[in-house]
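Reader: Please take me closely through one part of this model, the packing of its helices against one another and against their surroundings. I would like the reasoning laid out step by step.

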Amino acid sequence: MTDRHAESAGATAPGVPADDTPPRAARAEPGSAAPGSDAPAGGALPPLFARLERWTREQPDETAVKAFDGTLTYAALTARTARYATALADAGVGPETSVGLLLGRSRESVPALLAVWSLGGTAVPLDPAHPVERLGRVLRDAGAAVLVATEVPTGLEPGGITALAPADVRRGAPGALAVSVPAPDSCSYLIYTSGTTGRPKGVEVTYRGLDTFVDALGTLGLPPGGLGLNAVSPAFDGWLWCTLLYLTHGQGVALTDLSLDGLRRAAAEGREPLSAGLRTVSLTPSLLAAHGAGIDSAEVVVVAGEACPAALAERFARGRRLLNVYGPTEVTIAATWADSRRGDDVTTIGRPLPGYRAYVLDDELRPVPAGTEGELYLGGPAVARGYRGRPGLTASRFLPDPFQGGGTRMYRTGDVVIRRPGGELEYRGRRDDQVKIRGHRIELGEVERIAAELPEVVAAACCPLAGGQTLGLAVVAAPGADPAGLADLVVERCRKQLPAAAVPGTVRVLERIPTLSTGKADREALAKALAAPEQPPGTPVVAQGAGPTPSERIVMAVWADVLATEVPGPDADFFELGGHSLAAARAVSELRRVTGLRVGLGALLAEPTARHFAAELDRLSAEREASAADPAADSAEGA
């Protein structure tokens with residue numbers, strides 16, 4: 001065996017055989033395509049696997065996947081995918097068999113996904129950080145037959161689902177990767193997004209859509225080699241964007257965790273959260289603003305998931321290529337992009353991808369003139385099949401495309417845009433109660449319904465707080481219910497039912513919900529009420545002269561700005577005030593700028609009070625002053 005075709009050193013567990021044979025080229029097995037369909041002819045590989053075959057042949061030793069548990073070269077990725085495909089086929093996976101993928105940010109997540117697609121199955125990406133109740137609900141709704149997981153979380157009852165562990169897959173015999181050519185309208189994957197009913201809804205994306213998307217990605221022309229950043233939740237289709245973008249162009253997928261837990265692990269291990277030498281970076285604008293200092297090497301920066309502020313676009317477009325990408329899950333990951341290389345205004349969402357169509361329509365589905373606001377509808381072969389098990393909802397969002405005919409459909413996005421005279425689309429906002437929090441689509445109604453299911457709650461209203469990075473929730477206590485402790489009870493329920501981005505950072509018990517003249521919740525007034533400081537009865541008066549120190553005041557001011565809430569005192573806990581990983585990174589970055597001190601994120605994560613963080617600033621300041629006062633010490637160190 002040579003290292004050329006084996007996984008990286010340390011990649012296999014003791015006693016587990018490495019991929020010790022060169023992978024033979026992937027071959028297409030067209031047997032699963034429906035007769036008369038427009039599947040690739042002549043046994044041609046689907047676009048994604050054609051790309052994988054090319055890079056495995058041309059650069060077998062280049063990194064394809066890098067993660068906390070090791071790396072895979074392109075040769076090893078193909079070989080590992082073949083092993084997963086064999087194990088999944090033995091477990092009965094075939095066309096449209098739903099397979100849950102609960103592998104987090106492990107290197108195993110990529111070959112497992114590719115293996116499902118090589119068999120024409122339906123991948124169901126999951127995030128181990130999500131509540132167990134949500135994971136179970138998704139698996140049941142998807143009708144998952146197999147669950148690929150390193151370990152099954154406590155409390156998750158797979159029922160009749162076959163469990164498959166990566167360690168068992170690695171023990172299998174190596175072989176060639178055989179790729180079935182699926183029926184174009186069969187389901188390639190299910191992504192579960194926030195639902196207005198209070199339950200997540202599964203979007204069924206077809207293989208036709210997947211192929212259309214990969215073909216469109218190929219037109220970007222990124223250079224092969226190097227690493228691309230994937231810091232997205234594995235259950236979010238932004239994870240697919242990153243993974244497919246990099247694999248399509250022969251780059252390596254650097255799986256990275258920028259969640260609070262991931263930042264804490266990086267701090268504990270004394271390393272930076274981002275890999276060094278990144279060539280391509282894909283982040284939400286919020287994450288880019290917080291972690292932009294770590295991407296100096298990037299040649300291409302992609303922003304997606306949120307509106308991109310003009311100042312941020314200008315900063316990161318300087319000296320490099322910048323893409324602003326837009327697209328709902330219902331139209332296969334992305335639908336439009338603005339590209340600085342072709343001269344687009346990257347504060348817009350640009351123009352449709354090749355093969356996609358975009359219409360700006362009024363309430364009567366008539367095109368509006370350029371410069372006039374209208375709702376964005378998206379068409380083309382990448383439009384999803386619909387919502388699993390939700391025919392009524394599917395019919396209301398996926399409409400016949402009157403501009404193409406022939407049974408084609410278009411998706412109603414709910415987004416308000418204008419089309420500029422040059423053809424670029426400018427995002428203006430939403431028409432409903434869906435919001436984006438840290439890049440995640442969240443229905444405010446879902447959060448409200450989860451809270452209102454408690455018998456102690458008679459009304460609930462949710463809103464994004466200032467800055468748009470966290471949610472606020474107000475509840476009204478039921479008659480006879482004790483308001484004391486109700487907020488904590490609501491938070492606990494939300495944490496059990498919702499992904500982290502949808503858990504409100506601020507929960508208050510109010511006597512009534514502010515309303516508009518229509519009777520609907522006044523979310524603007526609610527946001528102001530939730531941002532105001534809460535003064536519970538009996539709050540002690542702080543004695544004169546016992547106030548915060550100058551350093552504590554600086555920290556409290558920055559926290560108040562980042563969290564959009566008042567910081568009551570130096571013993572306030574950053575995370576209890578609604579902080580999260582993104583806010584922590586922003587707060588530390590701003591305090592570095594204000595003080596000129598190289599304070600680390602670990603100081604905030606280890607002890608998240610303003611008093612402790614201010615003490616760390618004072619310590620660093622004292623060290624700097626001592627060093628300036630003793631130049632001989634600097635000379636000795638440099639000798």
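Author: Angles between helix axes under 35 degrees count as roughly parallel, those over 145 as roughly antiparallel, those from 65 to 115 as roughly perpendicular, and the rest as oblique. The model is a predicted one, and with that scheme in hand the pair formed by helix 15 and helix 16 can be placed. The axes of helix 15 (residues 550-563) and helix 16 (residues 581-595) cross at roughly 135° and come within 10 Å. Helix 15 and helix 16 are therefore oblique to each other, and their crossing is right-handed. On the side of helix 15 the contact is made by I554, V555, V558, W559, V562 and L563, while helix 16 contributes A583, R586, A587, E590, L591, V594 and T595. Sorted by character, the residues of this contact between helix 15 and helix 16 comprise ten nonpolar, one polar and two charged.

Another pair can be read in the same manner. Helix 6 (residues 207-218) and helix 7 (residues 237-248) have axes that cross at roughly 55° and come within 9 Å. That angle makes helix 6 oblique to helix 7, and the crossing of helix 6 and helix 7 is right-handed. Helix 6 makes the contact through L210, F213, V214, L217 and G218, and helix 7 through W241, L244, L245 and T248. The residues of the contact of helix 6 with helix 7 divide into seven nonpolar and two polar, with no charged residue among them.

Helix 16 also takes part in the surroundings of helix 8. The buried residues of helix 8 (residues 260-268) are L260, G262, L263 and A266. Viewed down the axis of helix 8, these buried residues fall within an arc of 160°, so they line one face of the helix. Among the elements that cover the buried residues of helix 8 are helix 9 (285-291), helix 16 and helix 17 (601-606). Helix 8 is followed by G270, whose phi is positive, near 70°.

Helix 14 (residues 523-531) can be examined in terms of its faces as well, with L526, A527 and L530 as its buried residues. Seen down the axis of helix 14, the buried residues lie within an arc of 100°, so they line one face of the helix. E524 and K528, on the other side of helix 14, are exposed. The cover over the buried residues of helix 14 includes strands, namely strand 26 (457-464), strand 27 (471-477) and strand 28 (506-509).

A loop residue adds a detail outside the helices. P200 is found in the loop between strand 9 (187-193) and strand 10 (201-206). Because buried means under 20% relative accessible area, P200, at 5% relative accessibility, counts as buried. P200 and L498 are 298 residues apart in sequence, yet their C-alpha atoms are 9.3 Å apart in space.

These parts belong to a protein chain that contains 19 helices and 28 strands. Of the 639 residues in the protein chain, 55% are buried. Among the contacts in the protein chain with a separation of 6 or more, 63% are accounted for by residues 24 or more positions apart.

Notes
Residues are numbered from 1 along each chain as its sequence is written. This is a predicted model: local features need pLDDT of at least 70, side-chain atom pairs count only at pLDDT 80 or more; totals for chains, interfaces and linings use all residues. Side-chain values use heavy atoms; hydrogens and water are left out. Axes are lines fitted to C-alpha atoms, for helices over the stretch in contact, and angles run from 0 to 180 degrees between N-to-C directions. Helices (H or I, at least four residues) and strands (E, at least two) are DSSP runs, numbered from the N terminus. A crossing is left-handed if the near helix is turned anticlockwise from the far one by less than a right angle, and right-handed if clockwise. Contact means heavy atoms within 4.5 Å. Ala, Val, Leu, Ile, Met, Phe, Trp, Tyr, Cys and Pro count as nonpolar, Asp, Glu, Lys and Arg as charged, and the others, Gly among them, as polar. Buried means under 20% relative accessible area, exposed over 50%, partly exposed in between (1.4 Å probe, protein chains only). The arc is that of the directions from the helix axis to the C-beta atoms.
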